[in-house]
Amino acid sequence: MALNVALLRSSFDLVLERQPQLTPRFYEILFSRYPQVKPLFGRRSQDEQAAMLQEALVAVVDHLEDASWLDDTLRGMGKKHVEYGVTDEMYDWVGDSLLSTIAEVAGDDWTPELEAAWKEAYGAIAAMMKAGAAEAS
Ligand code: HEM
């Protein structure tokens, strides 16, 4: 992936510094815009789920230059998501909600360049998860 790794990392650090727990707001946005996904969640407590998602995001940002780690991890994760009932179109909904969360926390520091970098990164992540999902089905 020819991603703007430095920009992604510095903006992610800034956002986590301002809001150490990103995921509660992410779920709030996701469930208000796309209430149809709410029934998929509930195996774990919301707090546990939020912590796991945030850890996964941090791990992905830490491994942006490690193509084989990304490929293995994200394909595996995509396969597991099929069991949760996740379909391909839902990746756009999650991407929209995640970018809105990051943009909201970044506030005045959010720029078109950052938006483009995050869209590209999320698109690459989602593509690998969807490839794993396709292998599972
Ligand atoms: C960047 C993309 C995503 C990442 C990094 C991510 C990460 C995670 C992680 C770490 C878990 C915890 C369990 C596990 O490791 O399997 C999880 C569970 C889950 N994810 Fe995702 N996910 C992503 C995309 C999505 C999408 C697009 C949906 C669709 C709505 C979704 C719905 C779920 C559901 C329903 C669960 C199980 C919840 C439960 O057990 O209650 N995820 N996800």
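## Helix H4 and the iron

Helix H4, which spans residues 67-83, is home to His 81. This is a predicted model, and in it His 81 is the only protein donor of the ligand's iron atom, reaching the metal through NE2 at 2.1 Å.

Helix H4 also carries a salt bridge of its own: the side chains of Asp 71 and Arg 75 meet at 3.3 Å, N to O. The two residues sit four places apart in H4, about one turn of the helix. Asp 71 is partly exposed, with a relative accessible area of 27%, and Arg 75 is partly exposed at 27% too. From here a network grows: salt bridges with shared partners join Asp 71, Arg 75, Lys 79 and Glu 135.

## How H4 packs on H6

Next, look at where H4 meets H6. Their axes are 7 Å apart and the helices pack at an angle of about 55°. H4 and H6 are therefore oblique to each other, and their crossing is right-handed. On the H4 side, the contact includes Leu 70, Leu 74, Met 77, Gly 78 and Val 82, while H6 contributes residues including Ile 125, Met 128, Met 129, Ala 131 and Gly 132.

Some residues from the previous section turn up again here. The iron donor His 81 is one of the H4 residues in this contact. Asp 71, Arg 75 and Lys 79 of H4 and Glu 135 of H6 also take part in the contact, and these four are joined in the salt-bridge network.

## Salt bridges between distant parts

Side chains of opposite charge can pair when their charged atoms come close. Across the whole structure, a search finds nine salt bridges. One of them joins Arg 18 to Asp 109, with the closest N and O atoms 2.5 Å apart. Arg 18 belongs to helix H1 (residues 5-18) and Asp 109 to the loop between helix H5 (88-106) and helix H6 (112-136), so this pair ties together parts that are 91 residues apart in sequence. Both partners are partly exposed: Arg 18 has a relative accessible area of 43%, and Asp 109 comes in at 37%.

Arg 25 and Glu 104 form another salt bridge, at 2.7 Å from N to O. This pair links distant parts of the chain as well, with Arg 25 in helix H2 (residues 23-33) and Glu 104 in helix H5, 79 residues apart. Arg 25 is partly exposed at 30% relative accessible area, and Glu 104 is partly exposed at 43%.

## Helix H5 and its neighbors

Helix H5 also holds Ser 97. Is Ser 97 buried or exposed? At 0% relative accessibility, Ser 97 counts as buried. Leaving aside residues up to four places away in sequence, Ser 97 touches Phe 26, Ile 29, Leu 30 and Tyr 34.

Helix H5 packs against H6 too: their axes come within 10 Å and cross at roughly 150°. That makes H5 roughly antiparallel to H6, and the crossing of this pair is right-handed. Among the H5 residues that meet H6 are Tyr 91, Val 94, Gly 95, Leu 98 and Ile 102, and their counterparts in H6 include Trp 118, Tyr 122, Ala 126 and Met 129. Met 129 also appears in the contact between H4 and H6, so if you are browsing the model, you can follow H6 from its meeting with H5 to its meeting with H4.

Notes: Residues are numbered from 1 along each chain as its sequence is written. This is a predicted model: local features need pLDDT of at least 70, side-chain atom pairs count only at pLDDT 80 or more; totals for chains, interfaces and linings use all residues. Side-chain values use heavy atoms; hydrogens and water are left out. Donors are N, O and S atoms within 2.8 Å of the metal (3.2 Å for Na, K and Ca); water is not among the atoms, so sites may look incomplete. Buried means under 20% relative accessible area, exposed over 50%, partly exposed in between (1.4 Å probe, protein chains only). Axes are lines fitted to C-alpha atoms, for helices over the stretch in contact, and angles run from 0 to 180 degrees between N-to-C directions. Angles under 35 degrees count as roughly parallel, over 145 as roughly antiparallel, 65 to 115 as roughly perpendicular and the rest as oblique. A crossing is left-handed if the near helix is turned anticlockwise from the far one by less than a right angle, and right-handed if clockwise. Contact means heavy atoms within 4.5 Å.
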